[in-house]
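Here is a friendly walk through a structure for a reader at the bench. Please keep the sequence and the 3D view open while you read.

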Amino acid sequence: MMKVSAITIGLLGSCLVPALLHAQGSLTVGGRDLQIHWYLSQGFVSSTDNNYLRMQTSRGSLFTEAGLNVSLQMTHKLRVGAQLYDRYMGELGKGQPHLDWAFADYRLKDWIGLRGGKIKTPLGLYTDIQDQSFLHTWALLPQSLYPADLRSVSVAHVGGDIYGNISSTRGGSFSYTGFAGSIPNDSRGGYRYGIEAQGGTLTGGAAGQMVGVDFRWDTPMSGLTAGASLVYNHRSFNGTLGPSPVPLSYSTTRDRVTAIFGVYARGNFHADAEYRDQTRDAEITAEIPGRPVIRTIGADEPAWFSSAAYRLSKRAEVGGYYSHYRVKLTNPTVAVTGSGRDHIFDKAVTVRFDLTRFWALKIEGHFMDGVGAPGQAHGFYPQDNPQGLQPTTHMLVIRTSCYF
Amino acid sequence: MKLAWTTLLGALIFMTASPVRAAAFKVIAHISVKVSEVSPSELKGVFLETKTSLADGSRVEPVLLKSGDVHDTFVRQYTGKTTGGLENYYRSLVFTGKGAMPKTLASDAEMVAYVKNTKGAIGYVSAGASTEGVNVLEVK
């Protein structure tokens, strides 16, 4: 029988406090506005047959996510802040808190500003806000584009942004962000576990760099926003493969992500859609005299989702989405066998209850076909499924979040 | 049993359903804001925190009411979002560090008092509220 920690129960119970106080998390420090915000999310997931997202979901599993941030408006143009993040999702995160973001934001003009530090990456609709489930109708975002196990691959960069917003009377408003920086290593994330799923062993962290742009257009048509993102990554790491002791290095020669997306919201109705394609080529080099390239590998992963939701009342919302992910491998390091190994299709339906202004509860059903490919696990890891993977998965997710 | 659960679910879903009633309002600003009128797109930019100044260079910050028909009408008309959607939007800024939660006030009187004493503040009150000590902006 699973145990729900008393601390989690207590924290969830404290969700009532902000609602009762109608308080705002801000203080005045030296004449400046200091804001403090936090969130806590507790979920339960149960699946048929396959274990998912590095949890023992076939037996029922709990997962937890939390964040705490502080920000200070130093001057009219300068803002600084930081956020801690923690999650316990089976083998993902394992309860180790870390710095989610911390940066200084200097806004020269409305059309140009600069940020420096660890910054959430604007890629597609929800990369930078994927952790805050209370912002979404869904208990789990469409995993075709927002796989919870691969969160750290794209969620943030350590570097800088240049950004701005340009508005016109009749053309709507246009915002842009150009960003570049390093990709932080995640020792408890799906990128590492995917390498291990192929028999690889890392001898250090997985380094990475990214550079990209994001554009969003708040169109003249009320409620319609469209956008596009383009990111170039470079990833590298050292290790061994299988039983061979030969030291190897892995380095991408091409890693490009393109995304186009749109949102339409009118009254109580909300719909969105996004298409994303990630193309990756890499070389595996033996770190011996001569440094021969022993293998070139590649993956093409087109994915998309579309969703719709309707708010029935102040307290309830219903919705559904279809999530579509395909993967095509070139010269994979492990054989791809079994059915459903080149796709994951997911149909989800959700009911969201806003119990108070600061407390939400979601009940969600998933009907999944396919399990992806080794190395591009997208939630289905052989480490968690030693008996083999079944081609379909049905899953129930219940998630409650409080935020302040 | 099935009827009982259906009835309970229906009651739960509709227990606080209430239609939005349109309410007349005025846009007000601190006297440091020199303009006498503001466009809908400028107002939208201010309340979505994409604009920190108006066309004449006046620095502005948005201030909102916490609830009520005036709040509902203003938000829907000038941000294109529902009040819940706008709150969600502000939270997305807060939890990515790219913006702050704006000040919210419980009544017209509190709004006028805050705007009167806060340089750059821009807010809204019901059409019949006293606006002594603040500028009233025409939206066009």
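The report below goes from the whole of chain A to its strands and loops, and then to chain B.

**Chain A as a whole**

Please keep in mind throughout that this is a predicted model. Chain A holds three helices and 19 strands. Its radius of gyration is 22 Å, close to the 22 Å that the globule rule gives for 404 residues, so chain A is as compact as a globular protein of that length. If you draw a box around the C-alpha atoms along the principal axes, the box comes to roughly 65 × 50 × 40 Å. Of the 404 residues in chain A, 43% are buried. The contacts also tell you something about the fold: among those in chain A with a separation of 6 or more, 62% are between residues 24 or more positions apart.

**A run of paired strands**

A good place to look at the strands is E8 of chain A, residues 172-182. E8(A) runs antiparallel to strand E7 of chain A, residues 156-168, and 11 bridges join the two. To find this pairing on your screen, start from A:Gly159, whose bridge partner in E8(A) is A:Gly181. The link from E7(A) to E8(A) is a hairpin of three residues.

E8(A) also pairs with strand E10 of chain A, residues 207-218. These two strands are antiparallel as well, with 10 bridges between them. Here A:Ala180 is a handy marker, as it stands opposite A:Val211 in E10(A). As a general point, the side chains of a regular strand alternate between the two faces of the sheet.

**Two buried loop residues**

Is A:Leu141 buried or exposed? A:Leu141 sits in the loop between strand E6 (112-120) and E7 of chain A. A:Leu141 counts as buried because it has 25 C-beta neighbours inside 10 Å, where 20 or more are needed. Leaving aside neighbours within four places in sequence, the contacts of A:Leu141 are A:Tyr126, A:Gln130, A:His136 and A:Tyr146. For a sense of scale, the C-alpha atoms of A:Leu141 and A:Gln96 are separated by 22 Å, with their positions 45 residues apart along the chain.

A:Pro147 is in the loop between E6 and E7 of chain A too. With 24 other C-beta atoms within 10 Å, A:Pro147 is buried. Not counting residues up to four places away in sequence, A:Pro147 touches A:Gly190, A:His378 and A:Gly379. A:Pro147 and A:Gln83 are 64 residues apart in sequence, and their C-alpha atoms are 21 Å apart in space.

**Two loop residues with positive phi**

Next come two residues with a backbone feature worth checking in your viewer. A:Lys94 has a positive phi of about 55° although it is not a glycine. A:Arg291, also a residue other than glycine, has a positive phi near 45°. The table sets out where each lies and its C-beta neighbours.

| Residue | Loop in chain A | C-beta neighbours inside 10 Å | Class |
|---|---|---|---|
| A:Lys94 | between strand E4 (78-88) and strand E5 (98-109) | 13 | partly exposed |
| A:Arg291 | between strand E13 (269-286) and strand E14 (293-313) | 10 | exposed |

**Where chain B meets chain A**

Now turn to the second chain. In chain B, 27 residues are in contact with 33 residues of chain A. Which elements give two or more residues to the side of chain B that touches chain A? They are helix H1 (2-14), helix H2 (40-47) and helix H4 (83-94) of chain B. H4(B) gives the largest share, five residues. Sorted by class, that side of chain B has nine nonpolar, 14 polar and four charged residues.

**A helix with two sides in chain B**

Helix H5 of chain B, residues 108-117, has B:Asp108, B:Met111, B:Val112 and B:Val115 buried. These four cover an arc of only 95° around the axis, which puts them on the same side of H5(B). In general, an α-helix has 3.6 residues a turn, so residues three or four places apart point the same way. On the other side of H5(B), B:Ala109 and B:Asn117 are exposed. What do the buried residues of H5(B) pack against? Their partners are strand E1 (25-29), strand E3 (61-65), strand E4 (103-105) and strand E5 (121-126) of chain B.

Notes: Residues are numbered from 1 along each chain as its sequence is written. Chains are lettered from A and ligands numbered from 1 in the order in which they are written. This is a predicted model: local features need pLDDT of at least 70, side-chain atom pairs count only at pLDDT 80 or more; totals for chains, interfaces and linings use all residues. Two strands pair if DSSP finds at least two bridges between them. A residue is buried if 20 or more other C-beta atoms lie within 10 Å of its own, exposed if 12 or fewer, and partly exposed in between; C-beta atoms are placed from the backbone. The arc is that of the directions from the helix axis to the C-beta atoms. Two residues are in contact if their C-beta atoms, placed from the backbone, lie within 7 Å. The radius of gyration is taken over C-alpha atoms; the globule rule is 2.2 Å times the number of residues to the power 0.38. Ala, Val, Leu, Ile, Met, Phe, Trp, Tyr, Cys and Pro count as nonpolar, Asp, Glu, Lys and Arg as charged, and the others, Gly among them, as polar.
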